[in-house]
Amino acid sequence: MNWEKLTRDALPVVEQAAKFIRDEAGKVRPEQIEEKFLNGLVSYVDRGAEQLLVEGLSRLLPEATFLTEEEVIKQEESALQWIVDPLDGTTNFLHQLPHYAISVGLKAEGELVAGLVCHVPANEYYYASKGGGAWCNGRPIRVSQKPALREALIATGFPYHDFEREAAWYKAFHQLMLETRGLRRFGAAALDLAWVACGRYDAFFEYGLSPWDVAGGAVLVREAGGVVHDFSGGDSFMEKSELLAGSAAIMEPLEAIIQSAF
C-alpha cells in the first residue's frame, strides 16, 4: 500500500475535524463538560470531532479498525488499525488556551506507518508516512541538530492522574533542569512530539500516556530523523505508556538520566 498517498488523502479528514473544533472553541458550557477520571475532561466537541474522523478515515480504508479515545466506534484490533485522539489537550481547549491538537496514527501489522497531528488553533498540519519523510503544511521538517544536552530545550508532561512514578519523574525533572537549557510543559503530548519533529523542542518525555496520545507523533519524529523509545531504550512505548523522543545526538545522555531516575 502507498502509505504516503494514504496519509495525504487523510489530511482533508483531519482538516474537517479541525474546523469543527475551531468553530466550537469558547462555546462549551460548564454543564456540557464531563470528568471521565481525575483531571480527564471530555465534552461534545471531543466526541463530535472523533465521529468526523472515524467516518472520514473509514471511507479511506474500509477494512481498518479503530482504537480511539472517546470510543464512538467499536474498539477492535486488526492488521490495519487507526489510532485516534480527536482532541489532545482538552483541558487547554476548555480553558481557551490555544495549545491543543488532533492526533491520528495508522498501524499496519503492528507497525506504525502513518501519522498526522494538527495544531488546531495555529492551523498547522504535521504529517508523515513510513519512508515518506515528515512535513508541515507542505514543507519538510527535521529534528534539531543540537550537539549537546546542555543546549537542549526539553518538553515533558506533569503527572496528572497516575502518580505511582511521581518521585522518579521529579528526580528526572530536577536533573534535566540542571543539565539542559530548560523544560516546558504545555499539556498536549501529540503536539509536543510534532514540535520535536520540527526542531522546536530537542526532546520530549512523559509517562502515563495512552496509545492515541503518541501514535501519530511517533511517526512524525522517526520520519523527521529522530528516535522514539520507551524509558528502557526499547520500542514498547505504547504498551508501557511511557515515551522518550528526540534527536539522536542527545539521546544517549538523555536516556541515561531517565533510566537512572526510573
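This passage walks through the aromatic contacts, the enclosed spaces and a few individual residues of a predicted model.

A good place to start is with the aromatic side chains. A pair of aromatic rings is described by the distance of the centres and the angle of the planes. The model contains 9 aromatic pairs. In one of them, the ring centres of F158 and F173 lie 6.5 Å apart and the planes meet at 65°, so this pair is edge-to-face. F173 belongs to helix 4 (166-179), while F158 sits in the loop that runs from strand 10 (153-156) to helix 4, so the pair ties together parts that are 15 residues apart in sequence. F158 is partly exposed, because its relative accessible area of 38% falls between the limits of 20% for buried and 50% for exposed. The two phenylalanines also have aromatic company: F158, W169, Y170 and F173 make up one aromatic cluster.

Two arginines are placed over aromatic rings. The charged end of R8 sits over the ring of W135, at 5.3 Å from the ring centre. In a second arrangement, R165 lies over the face of Y207, with 5.4 Å to the centre of that ring.

Several of these residues come up again around the enclosed spaces. Rolling a probe the size of a water molecule over the atoms shows where empty space is left. The model has 2 cavities of 30 Å³ or more. The largest cavity holds about 40 Å³ of space, and the residues around this cavity are E4, T7, R8, Y127, A128, S129, G132, G133 and W135. Helix 1 (3-24), strand 7 (124-129) and strand 8 (133-136) are the elements that give two or more residues to this lining. By residue type, the lining of the largest cavity divides into 3 nonpolar, 4 polar and 2 charged. Both R8 and W135 are part of this lining, and these are the partners in the arrangement with the charged end of R8 over the ring of W135.

The second largest cavity encloses about 30 Å³. Its lining is formed by F158, P159, Y160, H161, D162, E206, Y207 and G208, which divide into 4 nonpolar, 2 polar and 2 charged residues. Here too there are familiar names in the lining, including F158 and Y207. F158 is a member of the aromatic cluster, and the ring of Y207 has R165 over its face.

Among the pockets, the second largest has a volume of about 220 Å³. There are 13 residues in the lining of this pocket, and those nearest its centre are G110, E111, L112, R222 and D235. At least two lining residues come from each of strand 6 (111-119), helix 6 (211-223) and helix 7 (237-240). The lining of the second largest pocket comprises 4 nonpolar, 2 polar and 7 charged residues.

Backbone geometry points to two further residues. Most residues other than glycine have a negative phi, and most peptide bonds are trans. E109, in contrast, has a positive phi, near 50°. This residue is located in the loop between strand 5 (101-108) and strand 6, and E109 is exposed, with a relative accessible area of 67%. S241 also has a positive phi, near 55°, and is placed in the loop linking helix 7 with strand 14 (242-246). At 26% relative accessibility, S241 is partly exposed.

Two buried residues complete the picture. S43 lies in the loop between strand 2 (40-42) and helix 2 (44-60). With a relative accessible area of 1%, S43 is buried. Once neighbours within four places in sequence are set aside, S43 is in contact with V28, Q32 and L94.

The other buried residue is A172, which is part of helix 4. The relative accessible area of A172 is 0%. Beyond its neighbours within four places in sequence, A172 contacts F205, I257, I258, A261 and F262. The C-alpha atom of A172 is separated by 8.0 Å from that of S260, although the two residues are 88 residues apart along the chain.

How values were computed:
Residues are numbered from 1 along each chain as its sequence is written. This is a predicted model: local features need pLDDT of at least 70, side-chain atom pairs count only at pLDDT 80 or more; totals for chains, interfaces and linings use all residues. Side-chain values use heavy atoms; hydrogens and water are left out. Rings of Phe, Tyr and Trp (its six-membered ring) pair if their centres lie within 6.5 Å; planes under 30 degrees apart count as stacked, over 60 as edge-to-face and the rest as tilted. Helices (H or I, at least four residues) and strands (E, at least two) are DSSP runs, numbered from the N terminus. Buried means under 20% relative accessible area, exposed over 50%, partly exposed in between (1.4 Å probe, protein chains only). A charge sits over a ring if NZ of Lys or CZ of Arg is within 6 Å of the ring centre and within 35 degrees of the ring normal. Contact means heavy atoms within 4.5 Å. On a 1 Å grid over the protein atoms alone, a cavity is a set of points where a 1.4 Å probe fits but cannot get out, and a pocket is an open set with protein on both sides within 12 Å along at least five of seven lines; lining residues have an atom within 4 Å of a point. Grid points are joined across faces, edges and corners, and a volume is the space filled by probe spheres set on the points. Ala, Val, Leu, Ile, Met, Phe, Trp, Tyr, Cys and Pro count as nonpolar, Asp, Glu, Lys and Arg as charged, and the others, Gly among them, as polar.
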